[in-house]
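Trainee: I would like to understand how charged side chains come to be called pairs, and how one decides whether a residue is buried or exposed. Could we go through that together, step by step?

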Amino acid sequence: LVESIFALGSDGSRAFEIQDMMEAAAERRQGLEETTLWSLWSLLSPEGATTLRRAELLQLVDRGGALLRQTFGPKASELDVIGKGVDLPEFMTYEDFLARLRFCAEDGVRVQGIRPGSW
């Protein structure tokens with residue numbers, strides 16, 4: 001995003017609203033989160049499956065832990081935060097699991113003292 005802005009030039013004729021830039025960065029991050037989870041989800045689910053079983057979700061977290069941490073923050077692969085398997089329902093949809101991971105990301109940001117949405 002920053003590289004794109006610099007590529008536009010610095011002749012002073014272009015002005016950017018900080019709110020617009022923040023919204024664009026948030027949209028880009030959400031797209032990255034969705035793509036990351038979908039790639040892991042697709043590896044473990046039968047083609048076209050809209051839900052995964054608890055055991056499959058735990059396997060997803062186990063196999064994709066490093067990628068989940070990079071995308072959603074350090075707490076995203078902590079099963080005690082996501083739900084050790086006891087808190088997780090027997091079946092979970094992609095959207096529900098994405099929401100849990102995003103909550104983990106926000107929770108990790110709050111712990112570090114940074115306002116959610118400011119990254």
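Mentor: We start with the term itself: a salt bridge is a side-chain nitrogen of Lys or Arg within 4 Å of a carboxyl oxygen of Asp or Glu. This is a predicted model, and the structure holds 5 salt bridges.

Trainee: Why is the contact between E33 and R29 called a salt bridge?

Mentor: The N to O distance between the side chains of E33 and R29 is 3.2 Å, and the cut-off is within 4 Å, so the pair meets the definition. E33 and R29 both lie in helix α2 (residues 18-44), 4 residues apart, which separates them by about one helical turn.

Trainee: How do you know whether E33 is buried or exposed?

Mentor: The relative accessible area of E33 is 3%, and buried means under 20%, so E33 is buried. R29, with 25% relative accessibility, counts as partly exposed, because that class lies between the buried limit of 20% and the exposed limit of 50%.

Trainee: What makes E33 and R102 a salt bridge?

Mentor: Their side chains meet at 2.6 Å, N to O, which again satisfies the cut-off of within 4 Å. E33 lies in helix α2 and R102 in helix α6 (residues 94-111), so this pair ties together parts that are 69 residues apart in sequence.

Trainee: Which residues are linked with E33 in a network of salt bridges?

Mentor: The network links E33 with R29, E34 and R102.

Terms used: Residues are numbered from 1 along each chain as its sequence is written. This is a predicted model: local features need pLDDT of at least 70, side-chain atom pairs count only at pLDDT 80 or more; totals for chains, interfaces and linings use all residues. Side-chain values use heavy atoms; hydrogens and water are left out. Helices (H or I, at least four residues) and strands (E, at least two) are DSSP runs, numbered from the N terminus. Buried means under 20% relative accessible area, exposed over 50%, partly exposed in between (1.4 Å probe, protein chains only).
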